[in-house]
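User: I'd like to go through some labels on this model and hear what backs each one up. Can we start once it's on screen?

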Amino acid sequence: MIATNPVDVLQALIRCPSVTPHEGGALTALQQLLEPLGFEVSRVMARDEGTPDIENLYARLGTDGPHLMFAGHTDVVPVGNEAAWSHPPFAAEISEGMLYGRGAVDMKGGIACFIAALARLVEEKGAPKGSVSLLITGDEEGPAINGTTKLLDWAASRGEKWDACLVGEPTNPDQLGDMIKIGRRGSISGTVTVHGVQGHAAYPHLADNPVRGAIKLAESLMNPPFDHGTDNFQPSNLEVTSIDVGNAATNVIPASAVFKFNIRFNDTWSAEILQAEILRRLDAAAADTTLRPGREPIGYDIVWSERPSHVFLTRNNALIASLSDAIEKVVGASPQLSTTGGTSDARFIKDYCPVVEFGLVGQTMHMVDERVAVEDLETLTRIYRTFIEQWFANAVA
């Protein structure tokens, strides 16, 4: 591998089949790249009951401040139907200017470009006057329990402190330079079980159909809207993602109905206040017997997901400006500052330092024939290099 060549680095990483939770050789490949550049590399195994063990990597170049962190993950999602791929998903083949492979975009490509950018800088000008670290997890595409959170705790317990972080997730919708993520919406999931009385469909007065109650409760969560958005975030959005009664018979009223929901919420809410609002809506709907005339209020239970993701917004102008200026210098366009999309490991990092996200074009992530333009790898490497130099210049000034 040639560390200054992002294509070479990415091909080496893709050829490591690191489907969550397997390391697949990807962290070993990174270690072999980083140690010759002067990084001190640690491999950290994280464990938690009921979840697979995950190996992670933390590497640092330098001992002084200012300290810039790059965060990412080498684990990838499964390939799906391998026969549907036009190129083998772990072969990293190049065809007509595109490099194919699982993780090419999400997000081994971002890691490869950052390493190549840093390697070029070290080769031509020496290491930055400060420290650069890489926090690389193997659990971002999985439960996210034994990855970034455990690795951050491990590093912080050893005295590591960071001034800023860049996460290399694929943030651009159409072309490089489109978008920087400067925050993320929060996320809460829940499961609601509606209780009824099983019986014959021809004798509904002897039963209590929980599907009627589930419809009323689910509707209360979808209408009216929770808000209309804020200056930095789009409107909060709740989706009912599953409704199930476990009933194969058409002439039996089921004993219970279960529905699941997820809400992505903006900075109008905290997780705690939003959960209280959801309970208020459910209780009000439970008392509405429109679909169940003459019945007692709907009986239900709710179980929340264990760890809600909290909304956050990065306001560090020096970090955002350094990245925005680097993008404009390389591609000649000003990026949009956005908080759209799902969650990422930035939601954990924001508790330690200011964090932004910028990486490749995400159009093929998680898809069959995931791929990246070779030209984009070179462009992103140039952006990252310019950003590194600019951030350190601003931080030291």
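User: Which residues lie nearest the centre of the largest pocket, and what makes a residue part of the lining?

Analyst: E140, G342, T343, S344 and R347 lie nearest the centre, among 29 lining residues. A lining residue has an atom within 4 Å of a pocket point; on a 1 Å grid over the protein atoms alone, a pocket is an open set of points where a 1.4 Å probe fits, with protein on both sides within 12 Å along at least five of seven lines. This is a predicted model, so local features need pLDDT of at least 70 and side-chain atom pairs 80 or more, while totals for chains, interfaces and linings use all residues. Residues are numbered from 1 along each chain as its sequence is written, and side-chain values use heavy atoms, without hydrogens or water.

User: Why is K216 called buried?

Analyst: Buried means under 20% relative accessible area (1.4 Å probe, protein chains only). K216 has 14%, so the label fits. Beyond its neighbours within four places in sequence, K216 is in contact (heavy atoms within 4.5 Å) with A285, D288, T290, L291 and I298.

User: Why do C165 and C353 not count as a disulfide?

Analyst: A disulfide needs two cysteine sulfur atoms within 2.5 Å. The C165 sulfur is 5.2 Å from its closest cysteine sulfur, in C353, so that's too far for a bond. C165 is also buried, at 0% relative accessibility.

User: How many disulfides does the structure hold, and where does that leave C113?

Analyst: Zero. C113 is in none, with the nearest cysteine sulfur, that of C165, 16 Å away. C113 has a relative accessible area of 0%, so C113 is buried.

Note on methods
Buried < 20%, exposed > 50% of the residue type's maximum accessible area, 1.4 Å probe, protein only.
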